[in-house]
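User: Please take a close look at one helix and its surroundings in this model. I would like one connected account.

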Amino acid sequence: HTIDRLYHAITVGVPAEGTIDTLHGRHPRSRLRFSSFVREGRRAVTEVRVAEVLASGLGALVECRLWTGRTHQIRVHLAERARTPVLGDALYGGGGAGTPLDLVASGLGRHALHAARLGFEHPVTGEPLLFESALPAAMERAIEELRAM
């Protein structure tokens, strides 16, 4: 089982910091999406921390620590519960429509979510393993553009 999962995301808006703890299941009207507004589902827990406010408060760089691992969990929690979708996330509404974030989102070419750290115990030896990954160049450029706004 994974013991440490840390993601970085650029959000449209600045989320409140804290822990989001919900049920998680298929969206009732769209088979492509998931939702935290379900009556039945599996528990999903995401801890959100704002690392930096960007574009004069239009966006933020956030750290999300996963305590569970549901499909689209971070994207759903940020969009539905924090009301700050991941920038560039067409499925969950992170285009930044009508704001200067639009141009940054279109230039990004993907949603702005990145697995920064993954840690777990080796299944045979029990040795703790930790893997880290720097932000992709496209996300670095987007952050620089948003800092300049």
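**Helix α2 and what surrounds it**

Analyst: α2 is followed by G109, which has a positive phi, near 75°. Note that this is a predicted model.

Start with the helix itself. L101, V104, A105 and L108 of α2 are buried. Viewed down the axis of α2, these buried residues fall within an arc of 100°, so they line one face of the helix. L103, S106 and G107 are exposed, on the other side of α2.

Next, the core. In soluble globular proteins, nonpolar side chains tend to be buried together. The largest nonpolar core here has 29 residues. Those that touch the most other members are I10, V62, L78, L87, L108, A112 and L146. At least two residues of this core come from each of β1 (2–12), β4 (42–54), β5 (59–66), α1 (73–81), α2 (101–108) and α3 (137–147). L108 is thus a residue of the buried set in α2, and it is listed among the core members with the most contacts.

I10 gives a view of the packing. Beyond four places in sequence, I10 touches L54, A60, L61, P85, V86 and L87. The list for I10 also includes A112, M139, A142, I143 and L146.

I20 offers a second view. This residue sits in strand β2 (residues 18–26). With 13% relative accessibility, I20 counts as buried, the cut-off being under 20%. Its C-alpha lies 8.9 Å from that of L78, although I20 and L78 are 58 residues apart in sequence. Outside its neighbours within four places, I20 is in contact with A44, V45, T46, V48, H77, R81 and A82.

Now the strands β6 and β7. β6 (residues 113–121) and β7 run antiparallel, joined by five bridges. R117 stands opposite E132 in β7. Six residues separate the two strands of this hairpin, and G126 in the turn has a positive phi of about 80°. β7 covers residues 128–132; of its five residues the number buried is zero, so β7 lies largely in the open.

Last, the backbone again. Positive phi also appears at two residues other than glycine. S56 has phi near 55° and lies in the loop between β4 and β5. At 73% relative accessibility, S56 counts as exposed. H72 has phi near 60° and lies in the loop between β5 and α1. H72 is partly exposed, with a relative accessible area of 23%.

How values were computed
Residues numbered from 1 in each chain as written. Predicted model: local features only at pLDDT ≥ 70, side-chain atom pairs only at ≥ 80, totals over all residues. Heavy atoms only, no water. Core = buried A, V, L, I, M, F, W, Y, C linked by side-chain atoms within 4.5 Å. Buried < 20%, exposed > 50% of the residue type's maximum accessible area, 1.4 Å probe, protein only. Helix = DSSP H or I, 4+ residues; strand = E, 2+ residues; numbered from the N terminus. Contact = heavy atoms within 4.5 Å. Arc of directions from axis to C-beta. Pairing = 2+ DSSP bridges.
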